[in-house]
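Biologist: Could you take one helix of this model and go through its surroundings with care? I would like to know what packs against the helix and how its buried residues are arranged.

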Amino acid sequence: MTRNRICLWYDTEAEAAARFYAETFPDSAVTAVFRAPSDYPSGRAGDVLTVDFSVLGIPCVGLNGGPVFTHSEAFSFQIMTEDQAETDRYWNAITANGGAESECGWCRDRWGISWQITPRVLIEALALGGDAAKRAFEAMMTMKKIDVAAIEAARRG
């Protein structure tokens, strides 16, 4: 068992979320589903209580804890992508499955988890500093899903 993992609180759909992540991202899997041995404040005996899973190799546990807590952008997964096709694939999977677009490469899945779908070219452009970084940053600020070609063009000036 991993000594440190991310715990994500869901109302009732931890298993559905974990299975979606496992189907969407490589090096991701659902590794265990635990059912409640008795009734509890937000569920019944036999209901899925927790789900062990990984997202791109990061160990997580999903907890079906009821509607008390919700997700915010204060926590997000940042997924580094290699090109526009990979960016589009992840962005479309998350937003088309009941999610929502946000700004600057951020989107939210249908369970409220925030994702930063971040092409490597954007991080590389920002790391340059100076005018190239400024142009790339200003281009990114106008986008929802990151447009790799537009970031490359801004970087070049």
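Modeller: What follows is a close look at helix α5 and its packing in this model, which is predicted. Helix α5 spans residues 148–156, and its partner here is helix α3, residues 120–128, the two packing at an angle of about 20 degrees with their axes 9 Å apart. Because angles under 35 degrees count as roughly parallel, α3 is described as roughly parallel to α5. The crossing of these two helices is left-handed. On the side of α3, the contact is made by V121, L122, E124, A125 and L128, while α5 contributes V148, I151, E152 and R155. Sorted by character, the residues of this contact of α3 with α5 comprise six that are nonpolar and three that are charged, with no polar residue among them.

Turning from the contact to burial, the buried residues of α5 are V148, I151 and A154. These buried residues lie on the same side of α5, because the arc they cover around the axis is only 130 degrees. Two of the names recur from the contact with α3, since V148 and I151 are listed there and are also buried. The cover over the buried residues of α5 is not a matter of α3 alone, for it includes helix α2 (84–96), strand β8 (114–119) and helix α4 (130–140) as well as α3. Taken together, α5 packs with α3 at about 20 degrees, and the buried residues of α5 sit on the same side of the helix, with α2, β8, α3 and α4 among what covers them.

Key
Residues numbered from 1 in each chain as written. Predicted model: local features only at pLDDT ≥ 70, side-chain atom pairs only at ≥ 80, totals over all residues. Heavy atoms only, no water. Axes fitted to C-alpha atoms, helices over the stretch in contact; angles between N-to-C directions. Helix = DSSP H or I, 4+ residues; strand = E, 2+ residues; numbered from the N terminus. Parallel < 35°, antiparallel > 145°, perpendicular 65-115°, else oblique. Left-handed = near helix turned anticlockwise from the far one by under 90°. Contact = heavy atoms within 4.5 Å. Nonpolar A, V, L, I, M, F, W, Y, C, P; charged D, E, K, R; others polar. Buried < 20%, exposed > 50% of the residue type's maximum accessible area, 1.4 Å probe, protein only. Arc of directions from axis to C-beta.
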